[in-house]
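Me: I'd like a close look at one part of this protein, please, and then a short walk through a few other places. Here is what I have on my screen.

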Amino acid sequence: MVAGEWQPYIPAVTIGRPRIGAAVIRRPTVVQRLLGAADGDLVVVTAPAGYGKTAAAALWDEADARPFAWVRLDYLDDDPVHLLLHIATAVAELRGRDDGVLRYLRGPGRAALTHLVPAVVRLLEASGPLVLVLDDTHELSAPDAIGALHVLVDTVPSSTTVALLGRSRLPLGLARRRVQQKVVEVGVEELRFTGDEAAAALESVCGPLEEAAGAAVVDLCEGWAAGVILVGMALRDGVAVESITGRSNMVVEYLVEEVLERVDADTVTFLMESAVLDRFSAEQLDTLLERDDSGYMLEKLSDSGNLFLVPLDHHRVWYRYHHLFGDVLRSRLRATARDRFRALASRAADLLDRSGDVDGALLQALNAGDRARAAGLVGREAVRLGFDGRAGVLARRLALLDARTFAEHPDAAVARAWLGVTTGDAELIQRSLMLAHQADSGRPLADGTPSVKVAAALISSLVGVGGVRDVVRHADVVLAAGDNLVNPWWGAATVTKGAAESMLGNASRARALLESALPVIDDLPGFQAAALAHLSLLYLGAGDDDGAVERSDAARTLADKYDLCDVVPMVVVYAVSAVMAARVGDTAAALESVALTETLLDRLGNLAARTALLGHGLLAWTAAVIRDSELLGKHLEAAERARLREPDAVALSQRVDRVRAMVAEGCRPLTAAELRLLPHLATHLSLQRIAEELVIGRETVKSQATSIYRKLGVTSRAEAVGEARRVGLLSA
């Protein structure tokens, strides 16, 4: 398992203008309408499959002097980060350079609306006048992806015209643009073949027809371009006009069957088997189908006038079938040769996995009926996605799996438990771990975890339902599986144990554990951030303010870099950041961190009492420092409720007591260094001896003592000790 920079899979074939065949039917009326789109306009082309949306836009591209950046969307783009990187890649390819934008966009955890959209807008601004074409926008359904596109469309520079091609219209606020006359809309009515266009299409495929026969076909197809072409191919291959036009409905499957029945058996086999891949090259097909003539077959199909084979680039390296045709081919293969279909899907999963297309490999594994392979593909990156701020990708992959996969394959169940950890879903964690244990066969998991037992122990150490001592027990199970050379979770478990020891009040042991983990968790940014935040509190407790600030800043930098603000275990990072900001007088930054922490605490619910006690205690401390009485009361009350459920976390309880005592008499809060000095003032040691024990200068001790007197409203050492005992800062 490797965390860090997220690398979306964006095939080169999904960008660039599609090839226009020599026989394409010119659409002057449609093209003229599209040419009317000025800079800054939005173009929306909406129609069902087969109406020639892409062909019309390609003809527009050919006729327009502006450069066109093409993006062919697929289901992966239903993620805003992937979508925006895909768009930027197409624009950068058009320009021949990207000025570092693509590297920035690939950085993990960039927030789509606040970071990625502005970066794409800047790239468009630097590109001058252009048309950005997004084809197959019906692939977008997730609100986050549609929302990101909406914001991008509304903020592109006036030099950019955005064109959206799809089977359905996205909710992008077209009413306002209609009023402003800043939208060009093309629908079914505009895309229907006219009688002359349909006749020309028929003639290009099957030669001239008698006027009555041509009129019957045109009437039957009602201007549907794909239907006209299908009929033309069937007529060319000898099907009687009457057998088609006499049917009450235009059935795609029927016409495809007519096409397939008129080619040789080897070609039919090639068509069906090659359709297993959504897009393909001759080289890929040779590997997949164990042939050496895929290039020849593709060339033969293209030269034969088979208009269902669509070249995706001008060099004729990449192809796909017309979507309707491809669907029918796959359905036919699945129905007539189920075992062969599954075998090819399994090989396709291998092929795509090796190329880095995990999502494509997952779909093919599911087509192959290989639940174990699908579970392994999902489980392999589960922790990385959850703790790199990409839990949405993990959720999407998990949604493809059925109940049987979770019940039979621990990889899937453990991956779903990890999603529960990142989202704070206690019921999902419990149910998933139960299934993982039931399906355990004793084998290691796909992400390198030695066993289900170790995976469950690590998750349990993060959740800690049984309390902080239970965290230590579960962490020890993970640590017993081996050091970091053989156990990928040694460092993570060391962090969870170190955090627990800190909560138990074992500061020296906690610090040793956390610092020993840091060198081996560079690939686990979430755990690294948590370790640094806990160390910050330990340094603060030891009186090392500079060390505390340094580690808190490092933890927050990691959390921001990987956009971990939605990951529930990051409560400690944002809560510590709030305290540190408050202590240096940055109230605005403190309140920003408070808001982030509160969101995570709300999502945490009753899942982990120790995390709730930690978070609410730190926010109460923050509130005391910035003198926000409403915020203070809210979090002190929540902390009291949490510590009833976590009695062993004595260090966390003591922090709450110190905060409560700190504000009992309205005194100003003591710094960590002052709290460290305070117990020594209760002894008979001189200031010089205290300085030697604390390894600081005598003048530092003197200034800290003076500050304590001032904050407690006293004038002597004895009075300071007495007041500190009275308000609970020192035990009696």
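Leaving aside its neighbours within four places in sequence, which residues is T622 in contact with?

Reply: Happy to help! Please keep in mind that this is a predicted model, in which local features need pLDDT of at least 70 and side-chain atom pairs count only at pLDDT 80 or more, while totals for chains, interfaces and linings use all residues. Residues are numbered from 1 along each chain as its sequence is written, and side-chain values use heavy atoms, with hydrogens and water left out.

Your residue, T622, is in contact with A575, A578, V579, A582, A590 and V594, once neighbours within four places in sequence are set aside; contact means heavy atoms within 4.5 Å. T622 belongs to helix α34, residues 609-626 (helices are DSSP runs of H or I, at least four residues, and strands are runs of E, at least two, numbered from the N terminus). With a relative accessible area of 0%, T622 is buried (buried is under 20%, exposed over 50% and partly exposed in between, with a 1.4 Å probe and protein chains only).

Next comes V463. This residue lies in helix α26, residues 452-463, and is also buried, at 7% relative accessible area. Not counting residues up to four places away in sequence, V463 touches V421, I429, L607, A608 and R610. V463 and A609 are 146 residues apart in sequence, yet their C-alpha atoms are 9.2 Å apart in space.

Now for a helix pair. The axes of α27 (residues 468-479) and α28 (residues 490-504) come within 9 Å and cross at roughly 155°; axes are lines fitted to C-alpha atoms, for helices over the stretch in contact, with angles from 0 to 180 degrees between N-to-C directions. The two helices are therefore roughly antiparallel (over 145 degrees; under 35 is roughly parallel, 65 to 115 roughly perpendicular, and the rest oblique). Residues making the contact include V468, V471 and V472 of α27 and W490, A493 and A500 of α28.

Finally, there is an open sheet of three strands, in the order β6-β8-β7, with antiparallel pairing (strands pair if DSSP finds at least two bridges between them). β6 (280-281) and β7 (309-311) each have a single partner strand and stand at the edges, so one side of each has no neighbour in the sheet. β6 is joined by two bridges to β8, residues 318-321, and S281 stands opposite W318 in β8.
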